[in-house]
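Me: I am new to this structure and would like a close look at a single part. Could you walk me through the place where the ligand sits?

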Amino acid sequence: MVEIKITKAAKLKPKYTDESKLGFGKVFTDHMLTMLFDKAKGGWGPIEIKPYGNISLDPAACGLHYGQLIFEGLKCYSTAKGLQMFRPRKNFERMNKSALRMCMEPVNTDDVLKGLKELIKLDADWIPKSKGTSLYIRPTMVAIEPFLGVHPSTQYLFYIILCPVGAYYATGFAPVKIMVEDKYVRASNGGVGDSKTAGNYAASLKSAEEAMAKGFTQVLWLDAQERKYVEEVGTMNMMFKIKDEVITPPLGGSILPGVTRDSVIQI
Ligand SMILES: *Cc1c(COP(=O)(O)O)cnc(C)c1O
């Protein structure tokens with residue numbers, strides 16, 4: 001069983017006052033979880049929960065140069081039954097798949113889930129309660145070995161930060177206008193489109209910027225080869241309801257295997 005070291009913040013941050021103005025990804029709680037991997041030391045070290053704050057990295061940390069960086073996104077809700085996360089194990093399993101694809105180090109899902117629950121308990125006062133709000137959970141892993149050769153890092157930093165959030169898009173929960181993208185591509189067969197890895201999102205910014213200038217909120221990606229088949233939107237899988245049938249693109253390696261997608265299919 002993993003050791004969890006907890007250091008509480010001496011001074012708590014002022015909390016948001018209006019849940020309806022939270023938006024997405026701007027407000028962070030008092031604590032964070034960190035865990036370090038070092039191949040020379042035999043693997044992952046203990047989980048630490050400590051005050052939220054800057055991280056210090058060597059400027060040569062290889063993840064900053066070559067993009068060995070993966071992340072996850074899931075939510076915890078304040079419900080009538082108490083605090084509930086939505087299928088959290090799925091996210092850590094997917095993170096481990098991303099890790100293997102990017103030659104990074106998988107984590108022990110039971111350990112990080114246990115650590116995450118401790119972190120959420122500690123920052124429970126930050127969880128908003130009104131309809132449409134939740135606590136967004138962002139697990140991240142970045143390669144930190146100071147080395148400029150292109151090879152898999154031997155050191156990684158895993159961390160989890162928490163943000164109380166409202167709607168993801170500035171337009172709230174209203175429908176968003178989506179532009180079908182036929183110029184740029186997001187991912188091709190054999191690439192890393194099915195990994196939640198930083199480069200996929202950097203590569204999508206140009207397209208989103210051009211779409212926004214034309215009055216759209218996001219783009220709908222098409223397949224890289226023929227620009228003919230629907231793939232997904234930048235941060236979400238697609239479902240279409242045609243009469244009594246719901247259809248969605250298959251997981252061919254170029255789209256992200258969403259937990260929401262899997263849940264909708266199961267339902
Ligand atoms: C995170 C993400 C999704 C949605 O995944 P969920 O597990 O349903 O939240 C879909 N597409 C992309 C590109 C993503 O990054």
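Reply: Happy to help; here is a walk around the ligand and its surroundings. A word on the basis before we start: this is a predicted model, where local features need pLDDT of at least 70 and side-chain atom pairs count only at pLDDT 80 or more, while totals for chains, interfaces and linings use all residues. Residues are numbered from 1 along each chain as its sequence is written, and side-chain values use heavy atoms, with hydrogens and water left out.

Around the ligand there are 13 residues, and those that come nearest are Lys 196, Tyr 201, Glu 232, Val 259 and Thr 260; a residue is near if one of its heavy atoms lies within 4 Å of the molecule. By class, this shell has 4 nonpolar, 5 polar and 4 charged residues. Here Ala, Val, Leu, Ile, Met, Phe, Trp, Tyr, Cys and Pro count as nonpolar, Asp, Glu, Lys and Arg as charged, and the others, Gly among them, as polar.

Now for the polar contacts, meaning pairs of N or O atoms within 3.5 Å. Lys 196 places a polar side-chain atom 2.6 Å from an oxygen atom of the ligand. For Tyr 201, a polar side-chain atom lies 2.5 Å from a ligand oxygen atom. Val 259 takes part through its backbone instead: an N or O atom there is 2.7 Å from an oxygen atom of the ligand. Taken alone the ligand exposes 380 Å², and the protein buries 88% of that, with accessible areas coming from the Shrake-Rupley method with a 1.4 Å probe.

Terms used. Polar contact = N/O pair within 3.5 Å; in protein donor to acceptor, adjacent residues only side chain to side chain.
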